[in-house]
Amino acid sequence: MLFNSTRFMVFFAVVAACYFAIPRRFRWCFLLAASYYFYACWKPGYVLLIVFTTLVNYASGLMMGAAPNRSVRQGSLILSLCANLGLLFFFKYYNFFNDALQPLFEPIGIHLPASRFLLPVGLSFYTFQSLTYTIGVYRGTVQPERHLGVFACFVCFFPQLVAGPIERAENLIPQFRMQASNLSMGLLPFVRFDYARVTDGLKLMAWGLFQKVVIADRVAVVVDEVFHHPSQYPGVCIALAVVFFAFQIFFDFSGYSDMAVGTAQVLGFRLTTNFRRPYFATSVADFWRRWHISLSTWFRDFIYIPLGGNRTSVFRWCAVITLVFLLSGLWHGANWTFLVWGALHGGYMIAGRLLRSLRAAVVRIMGINRCPRLLGLVQGAFTFALVCFAWIFFRASSLGQALEVIRNLFGGWDIVTEPARLGHALLSMGLGRDDFLIVGAMLGIVAAVHWFQEKHGSVREALLRQPVAVRWTAYSGLLWAIFLFGVFQHKEFIYFTF
């Protein structure tokens, strides 16, 4: 069930209405049933995987909470790690490693059969989310949850079940517990129908839908066409397709995240912000503080810091950074392209640290340091170029396709001096003239919104301070943009496949 479908809109309207109508003590039951139904709409049998994950991690948490010594706690944690990562390996990585290691097995006559199981939607997300609980209980930062229903809701809460944000147990479990327990009057706004909270959530949902159907799904036409036939297009068209993919994946994933956060907010839950204008970043490190925040902080807290973080030698730090980004690439998919994508970002991070003095010297020699705004623009443009280059491997279906895109990227640029040929080439990429104008206008609007957020904070809060006519002009303009310019082909969100 896709967020950008009529079916989800009807489902969510029914869920929200029933949720506030039923007694509070039964709401967790209703949310749990709704979440299982939401997931079962994709493939009913795979709900059993979520149930298995829930029961194993719930039992592991209880065992760690009651464990008299460290060895028992370690055993419970290992049980959780093996169950969660075992499922992830079998469904997502078995075929990848089987194919990679087959040349080693063939001389000794071993041939392992390929897995024919479909990759469960959202497996990487709810697996990592569950691990925040068991690792937190082991560390003592999270208390074991004894209410099985509350814990099950934490694992499968439908707004963020299939593509995040990856919530921390210490953030989300207390919210479900609050919904299922007796509350003081001061906490009631979070569990009853609150007009301001609900309407704010609906606005965020509309903004997310706008990003997905108006921008992401429109530019996807160009991206798909060029990446499928890179040899047929000059370098300028390929460069445009790469930049369009940078926009596609951001607005696709950011759109989903905003809809997830808005959906949860309507129901009275606060989810983690997953993006903070990543293309405003002035370094790759800054980019990762802004992009897919719930995943980047997961790797930081559970892998990077435990392995030493910044408190190690330069050599060890480089090794840890490389490992973290290789794992990040592998998390996204069982393909060599994702590993190269992760390796590139790891290399960017290492180069950024090792070449810091050289970069500062170059900036000083060029005199850019005397103009902070120009320096920020140069750093931002360079960072965006690095990120876009890495996106080529992320988008390509194979290393061969990625290399073909890169090879053709640097050819045929003489076409820019011939407007007629250039215009014909651009219009052969799948979008018409009006579509390009729509994309340009909508990107301009989003850029203005992001600039305002970067400088002044929430646009929604700023609009609330405006006269009614101004507010409703903005709201109706957003809705009309969705209805008039949206691409309603129910195109799947990119991160559903991860």
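The paragraphs below go through one buried helix, three salt bridges and one pocket.

The model is predicted, with local features needing pLDDT of at least 70 and side-chain atom pairs counting only at pLDDT 80 or more, while totals for chains, interfaces and linings use all residues. Residues are numbered from 1 along each chain as its sequence is written, and side-chain values use heavy atoms, with hydrogens and water left out.

Helix 7 spans residues 169-179 (helices are DSSP runs of H or I, at least four residues, numbered from the N terminus). Its buried residues are Ala169, Leu172, Ile173, Gln175, Phe176, Met178 and Gln179. Here buried means under 20% relative accessible area, exposed means over 50%, and partly exposed lies in between, with a 1.4 Å probe and protein chains only. Among the elements covering these buried residues are helix 1 (6-21), helix 2 (27-40), helix 5 (123-139) and helix 6 (148-156), where contact means heavy atoms within 4.5 Å.

A salt bridge is taken as a side-chain nitrogen of Lys or Arg within 4 Å of a carboxyl oxygen of Asp or Glu. By this rule there are 13 salt bridges. In one of them, lysine 212 pairs with aspartate 252, with the closest N and O atoms 2.6 Å apart. Lysine 212 belongs to helix 8 (residues 195-228) and aspartate 252 to helix 9 (residues 235-266), 40 residues apart. Both lysine 212 and aspartate 252 are buried.

Helix 8 also takes part in a salt bridge between arginine 395 and aspartate 224, whose closest N and O atoms are 2.9 Å apart. Arginine 395 lies in helix 15 (residues 372-395) and aspartate 224 in helix 8, so the pair ties together parts 171 residues apart in sequence. Arginine 395 is buried, at 17% relative accessibility, whereas aspartate 224 is partly exposed, at 23%.

A further salt bridge joins arginine 277 to glutamate 454, with 2.5 Å between the closest N and O atoms. Arginine 277 sits in the loop between helix 9 and helix 10 (284-290), and glutamate 454 in helix 18 (residues 433-456), so parts 177 residues apart in sequence are tied together. Salt bridges that share partners join Arg277, Asp286, Arg289, Arg290 and Glu454 into one network.

Helix 10 is also among the elements that give two or more residues to the lining of the second largest pocket. On a 1 Å grid over the protein atoms alone, a pocket is an open set of points where a 1.4 Å probe fits, with protein on both sides within 12 Å along at least five of seven lines; lining residues have an atom within 4 Å of a point. The lining has 39 residues, with Ser283, Val284, Ala285, Tyr348 and Met349 nearest the centre. Helix 11 gives the most, seven residues.
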